[in-house]
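This report takes a short tour of selected parts of the structure below. It covers one helix end, one strand with its partners, and a set of helix packings.

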Amino acid sequence: MKNVMRDLFVALLVGFALFLSGCASESETPKPEAPKVKEKILRISTTTDPTSLDPRLVRDLPTVTPLHMLYEGLKRATFGGKIEPALAEETTISPDLKTYTFKLRESKWSDGTSLTAHDFVYTWKSLLDPKFPAPNAYQLYVIKGAKAANEGNGSLDDVAIKALDAQTLQVELESPTPYFEELLATHFYLPVKQDGTEPNNLISNGPFMLDHWDRNDELVAVKNPQYWDVDTVNLDKVVLIPLDDHTALQMFETEELGWTGSPMSTLPADTLDALQSSGRLAVAPAAGTYFFRFNTAMTPLHNKKLRRAFALAINRKDLTQHVIQGNHQPALGLIPPSLGFFVTGYFQDDDTTRAWYLFQEGLEEIGISKDELPPIVLCYTNGDRNHKIAQAVQQQWNKTFGISVKLNACESQLFFDKRKSGAYQIALGSWFADIRDPINFLDVFKSRKTSTNNTGWENVQYKTLLELSSLEMDQEKRKSILRNAEGVLMDQMPIAPLFYSSLNYLKQNDIINVYLSELGYLDFKYADIGEIVEES
Amino acid sequence: MQTFPEELFLPAELELHHEEVIAPSYSFWKEIWNNFKQRRVAAVGLVVLVLLSIMAVIGPYLTPYTYYDINLPLKNQPPSTMFWFGSDDLGRDIFTRVWYGARISLFIGIAAALIDLALGAIWGGTAALIGGKTDEIMMRFADILYSLPYLIVVTLLMMIMGPGLLTILAAMTIIGWITMARIVRGQVLHLKQQEYVLAAQALGASLPRILFRHLLPNARPHHGNADAHHSLSHICRSLPKLHGAGNTSPNSQLGNDGS
Amino acid sequence: MREDLRYFLGKLSTLFLSLFIIISLTFFLMKAIPGDPFADEQALPTEIHEALQQHYGLKDPWYTQYGNYLVTVITWDFGPSFKYRDRSVNDIINKGFPVSAVLGLEALVLALSGGILLGTVAALKANQWQDYTAMLAATLGISIPSFIMATLLQFFLSVKLGWLPVARWGTFTQSILPAVSLAAMPMAFIARLTRSNMLEVMQQEYIRTARTKGLSEMTIITQHALRNALLPLFPYVGQLAANILTGSFIIEKIFSIPGLGQWFVNSISNRDYTVIMGTTVFYSIILLGAIFIMDLLYGLMDPRITQRS
């Protein structure tokens, strides 16, 4: 008994060492043979593992990139925001602008079978099936009969998606939709093959196909030999690796990664300044805006002048240059300039004089004095950056108005709950566009009941303008209608715009032709790893 | 034959005075204090702690800055005559913020350590001493509490109590005492067989008396762990912060500035 | 024998009762906090949100939901994750646990052997330089948070010196840094506890008796002193083992290790109910099991404590 303990301990150690070495040799990857031609492998870090490879189920932004790698839809967005034909070789639009007929090119799935219009019919109808839980179903509501079918008020057969023959797809819309082709380039409209969405046996049709996916470890996609345009694809392999942000940066420095940062992950905030001054940081605009929501249903922010006062008193230049890093731009309107539509602002940044007057007038209108003002609380989700923004703005408002706004940092779900139930006064928020069209931003506040609104604000003129814009097919006229709508929003100020978002990333110099969409995803169809390009 | 004088055989006188203990007698606490003074390391530690506490109290008054004045053009300055510890990324004086935060950190750290110590020691000690079914129930209760997803409990506390100092304290102590209880239980299980415990029981000592007077003081490791918990407290504060249980800014705590 | 069997069965039934209480409490606590798996910064249209909730049974009355959860636990089939729709919770646990367990085992062996060694040396050479260095190391180990230790090690040993890989999992060399970071604090804890206990034990009479019997110092330490010094640690080690084996969120995050640790934390902010239930049940079983085994061992090694007092 006495010796047993010691012997047991030693035996345990020895056994453990053997066990470990066994484990190690099992999982040690065999040395690859020296390749004859250097394989073009692009390694990217992501913050989280992709949530699913079925485009019908995906809502989170980081997973959109692998979807665009593996699948292809009717249209593709590419450099400069242009929409080019993908599977839809020819598109014909009816004179009433409601019927789209697509002539599909001959193409195959990764398992060799032909891709036909029936696959699109299957995918889109399954999305709308109320028995299939698709969060993205509402993106198809522009199609006639879609909303009714999805809500159980109509049959799927009445949805206006038809395969006229194997290579011809026809879709009828509820009403003319100027941004329909933008929609077709998003992941919401990607086709899937029936029973081909199991990750172990994924059948896809895009430039790349799934080689293997070790969850939380790496996702490896290789060039898809069945892709119709396979000769344009240069990369041999794309590898997505979930990594901690700091670790990813270190691996980028040791050249184990080709790309890190937006859109799939975030560069550590404290490194942005250093990266910027060393000239290695790459910046691109994002189609996203951060703003404060005001609860217009609660005193005292039901008063428009007070809202405008708070909005005008913010010094956005200080915020973007000093408080938060990342090359974000002060926002003087809701719609970011990256959508290529508008460039001038609706008010002046840091207009403290006017803000003070508005503040006084607002108080008078309500009939209270500054000291009688009920305590105002600013809510936001926990996070370093949000915290800094809140503190900075708190001080700005204190300096201008002499009042002390309370800060309330919450856990994210608690915050969403507060926001939905209107149990807040000022809340930090953001919106990132689904498509490159301003209406996507303006629709957020369309009516009081819109789920994305949460400000309790509604305006008849605003709603009417938005609806009018959908009927207007002339680009310029439509732009001016939308601009009018934005004007109404900025006058009423149920929200105070803060800044337009930017994508900050690091990319090795020899990687070229990657399309980074303002919508927050990467497209590698034309990407290449070439000779080191001398950066001027 | 040798003769012995008679004086040698006179009866001895009764000495009724007892044996005298020459060394001064110490009370329990005096003994701890003496041991403490002997250990240089412990003494140094105490001095450091006292210094920190003094600085926590007077530190923020030594500078012309408050802990919340934001001064963006002067952000991220290295230590200088203007900012003794430099400025943070919003331009606030770090010296002031560190000592202001130290108040909160020291308070929570010491309070949490004491609560965990008291609760854990009493719980674990009692369970071990009584043994049997009571031990089983008490420890299963601890196990159940320990198994619950901690973040859910913290979120719930946050919802009920709102953000604030007491919430952080509650979040830290609600689970923290369990590890202490386990350690103390282990020690007491081992110690309760000692003779002095049996003697105390034979003399009719009550359970609390045995526990507090005899067992706990001898379960030395748990004293040593009080300081471990003190440091743990500092660390753990970052976890509830994830769920907004902390003070609303611009209050600072050491965890805030450090991380 | 009958007595032992009854004792064992009694313990087992207590275990099941505890498990049942944990499952139930977790369910009700989970439902008590607001939020659901589909709420996000960019909100879904209300009808779709409600349809999704309806589809997954989140709108059913509480007793129906509770009943369903109990069934999933009993059948050991927790269903798919809400956030990662094509992964089942069972799959997540089956893939993640072995990774965390191997890492945990490495760290545990390191912590136990290192801690006991350090503590014993410190006790035997009390108040000498060995004691002071060992205790300094122990204090550092307890005070420095594991994520700072991990980042420092990663920075110096990986990035600067290049001796060890930066992150990820698969080979033995990749496991060294995370195991060391994980083992640091428990090792320090165990070292301190061992030192305290050894100091006590070495004063005991039976040690003196053993010396007079002529036993070598080494024998005394390993066969008499250590055993009595280490026994009180058993309950703590049970809890420690359960925690380490099921994965540390921070270490696995920093070294990008595909273990189970991240699921415990992320599932809660995601309100991924099935994952929360699955991981909690899994963890409870491991914890209760580990404590049960350690209590049993403790009882075997020191028969005195099982005597009714």
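Gln203(C) lies in helix α7 (residues 172–203) of chain C. The model is predicted. Is Gln203(C) buried or exposed? Gln203(C) has 9 C-beta neighbours inside 10 Å, so it counts as exposed; the cut-off for that class is 12 or fewer. The chain returns to this residue after a stretch of sequence: Ala225(C) is 22 residues away along the chain, with a C-alpha separation of 9.9 Å from Gln203(C).

**A buried strand in chain A**

Strand β19 (residues 495–507) of chain A is largely enclosed by the rest of the structure, because 13 of its 13 residues are buried. Which strands does β19(A) pair with? They include β13, β14 and β15 of chain A. The table sets out the pairings.

| Partner of β19(A) | Residues | Bridges | Sense | One facing pair |
|---|---|---|---|---|
| β13(A) | 259–261 | 3 bridges | antiparallel | Thr260(A) and Leu506(A) |
| β14(A) | 282–294 | 9 bridges | antiparallel | Ala284(A) and Leu503(A) |
| β15(A) | 329–330 | 2 bridges | antiparallel | Pro330(A) and Phe499(A) |

**Helix packing in chain B**

Two packed helices are described by the angle between their axes and the distance between the axes. Helix α6 (residues 165–191) of chain B takes part in both packings described here.

Take helix α4 (residues 132–147) of chain B. Its axis comes within 10 Å of the α6(B) axis, and the two cross at roughly 135°. That angle makes α4(B) oblique to α6(B). The crossing is left-handed. On the α4(B) side, Ala142(B), Leu145(B) and Tyr146(B) make the contact; they meet Ile175(B), Ile178(B) and Ala181(B) of α6(B). By class, this α4(B)–α6(B) contact has 6 nonpolar residues, no polar and no charged ones.

Now helix α5 (residues 150–161) of chain B. The axes of α5(B) and α6(B) also come within 10 Å, crossing at roughly 150°. The two helices are therefore roughly antiparallel, since angles over 145 degrees fall in that class. Here the crossing is right-handed. From α5(B), the residues in contact are Tyr150(B), Val153(B), Val154(B), Leu157(B), Met158(B) and Met161(B). They meet Leu166(B), Thr167(B), Ala170(B), Ala171(B), Ile174(B) and Ile175(B) in α6(B). By class, the α5(B)–α6(B) contact has 11 nonpolar residues, 1 polar and no charged.

Ile175(B) of α6(B) appears in both contacts: it is listed with the residues that meet α4(B) and with those that meet α5(B).

Definitions and conventions. Residues are numbered from 1 along each chain as its sequence is written. Chains are lettered from A and ligands numbered from 1 in the order in which they are written. This is a predicted model: local features need pLDDT of at least 70, side-chain atom pairs count only at pLDDT 80 or more; totals for chains, interfaces and linings use all residues. Axes are lines fitted to C-alpha atoms, for helices over the stretch in contact, and angles run from 0 to 180 degrees between N-to-C directions. Helices (H or I, at least four residues) and strands (E, at least two) are DSSP runs, numbered from the N terminus. Angles under 35 degrees count as roughly parallel, over 145 as roughly antiparallel, 65 to 115 as roughly perpendicular and the rest as oblique. A crossing is left-handed if the near helix is turned anticlockwise from the far one by less than a right angle, and right-handed if clockwise. Two residues are in contact if their C-beta atoms, placed from the backbone, lie within 7 Å. Ala, Val, Leu, Ile, Met, Phe, Trp, Tyr, Cys and Pro count as nonpolar, Asp, Glu, Lys and Arg as charged, and the others, Gly among them, as polar. A residue is buried if 20 or more other C-beta atoms lie within 10 Å of its own, exposed if 12 or fewer, and partly exposed in between; C-beta atoms are placed from the backbone. Two strands pair if DSSP finds at least two bridges between them.
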